[in-house]
Amino acid sequence: MTRFAGPLIGAGFGLAFVLANTGPPLPPAVALVLRVLAVAAVVAVLALVVAIGRRPAADPGPDAPRMRFDGFFGAVLAVEAVALVGGIQALRALDAPMQANVAWIALVVGLHFFPLARRWRARSLVFTAAYMSVLGLAGLAMVFAGYPGWVPLVSGAVTGAGMLTGIVASLAADLRAAAAVGT
């Protein structure tokens, strides 16, 4: 199951981003639909993981991405943790609205994927890194331009929805590829 660690962790964080950030100013009905869709996406991820996991794992070959939870990974997480805590403290010192925290978290989490994508040779993570970083920066720009109300949607819910969509699409493609090989 370690081959599914990334998608499962990502799905959990994507769900958390959506659930934590789909409140006002969204209308309650829209927030509920987004939350239900996020939960459905996690269920789809779990179903796809089970379906793919029932098939024998193909030899990835020497050029395939290799996710390693080694010292490099630990160092990236340590830098990420320091950046998260330090940045939130700095935002607090600047009297930034609380919504700035969501944008900062999206930015830092997005940036942490760049070195991992390079180390793991996982080009798909570059898209995730860029997507999250841009939405984090957009949220920070909104905060400092005086429009913090929609930051949780932009930097939180949209970030999480994009993560979930990407994971479901990637796993569905993996399942299709595995099915094509098996026939």
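Here are some short exercises with worked solutions on the predicted model shown above.

**Exercise 1. Check the length of helix H3 and find what caps its N-terminal end.**

Solution.
- Step 1: Locate the helix. H3 covers residues 71–93, 23 residues in total.
- Step 2: Work out what to expect. The expected span is 1.5 Å times one less than the number of residues, and for H3 this comes to 33 Å.
- Step 3: Compare. From the first C-alpha of H3 to the last, the model reaches 33 Å, close to the expected value.
- Step 4: Look at the N-terminal end. Asp 70 caps H3 there, with a side-chain oxygen 3.2 Å from the backbone nitrogen of Phe 72.

**Exercise 2. Decide whether the span of H4 agrees with its number of residues.**

Solution.
- Step 1: H4 runs over residues 99–120 and has 22 residues.
- Step 2: At 1.5 Å a residue, H4 should span 32 Å.
- Step 3: The end C-alpha atoms of H4 are 32 Å apart, so the two values agree.

**Exercise 3. List the buried residues of H3 and say which helices they pack against.**

Solution.
- Step 1: Recall the cut-off: buried means under 20% relative accessible area.
- Step 2: Go along H3 and pick out the buried residues, which are Phe 73, Val 76, Glu 80, Leu 84, Gly 87, Ile 88 and Leu 91.
- Step 3: Think about the spacing. An α-helix has 3.6 residues a turn, so residues three or four places apart point the same way.
- Step 4: Find the partners. The buried residues of H3 pack against helix H4 and helix H5, the latter spanning residues 123–144.

**Exercise 4. Is Thr 22 buried or exposed, and what does Thr 22 touch?**

Solution.
- Step 1: Place the residue. Thr 22 sits in the loop between helix H1 (5–20) and H2.
- Step 2: Apply the cut-off. Thr 22 counts as buried because its relative accessibility is 1%, and buried means under 20%.
- Step 3: Look for a polar partner. A polar atom of the Thr 22 side chain lies 2.9 Å from the backbone oxygen of Val 18.
- Step 4: List the neighbours. Leaving out residues up to four places away in sequence, Thr 22 touches Ala 31, Leu 34, Arg 35 and Ala 157.
- Step 5: Stay in this loop for one more feature. Pro 25 also has its place between H1 and H2, and a cis peptide bond with omega of about 15° joins Pro 24 and Pro 25.

**Exercise 5. Compare Asp 95 and Arg 121, which both have a positive phi.**

Solution.
- Step 1: Asp 95 comes just after H3, in the loop between H3 and H4. Its phi is near 60°, although Asp 95 is not glycine.
- Step 2: Arg 121 comes just after H4, in the loop between H4 and H5. Its phi is about 55°, and Arg 121 is not a glycine either.
- Step 3: Sort them by accessibility. Asp 95 counts as exposed at 68%, whereas Arg 121 is partly exposed at 40%.

**Exercise 6. Which residues form a nonpolar patch with Phe 69?**

Solution.
- Step 1: Find Phe 69 in the loop between helix H2 (28–53) and H3.
- Step 2: Check its accessibility. Phe 69 has a relative accessible area of 45%, so Phe 69 is partly exposed.
- Step 3: Name the partners. Ile 9 and Phe 13 join Phe 69 in a nonpolar surface patch, and together the three have about 310 Å² of accessible area.

Definitions and conventions
Residues numbered from 1 in each chain as written. Predicted model: local features only at pLDDT ≥ 70, side-chain atom pairs only at ≥ 80, totals over all residues. Heavy atoms only, no water. Helix = DSSP H or I, 4+ residues; strand = E, 2+ residues; numbered from the N terminus. Buried < 20%, exposed > 50% of the residue type's maximum accessible area, 1.4 Å probe, protein only. Contact = heavy atoms within 4.5 Å. Polar contact = N/O pair within 3.5 Å; in protein donor to acceptor, adjacent residues only side chain to side chain. Patch = residues over 30% accessible without salt bridge, like charges linked within 9 Å, V, L, I, M, F, W, Y side chains within 5 Å. Areas by Shrake-Rupley, 256 points an atom, 1.4 Å probe, with all protein chains shown as cover. Salt bridge = Lys/Arg side-chain N within 4 Å of Asp/Glu carboxyl O.
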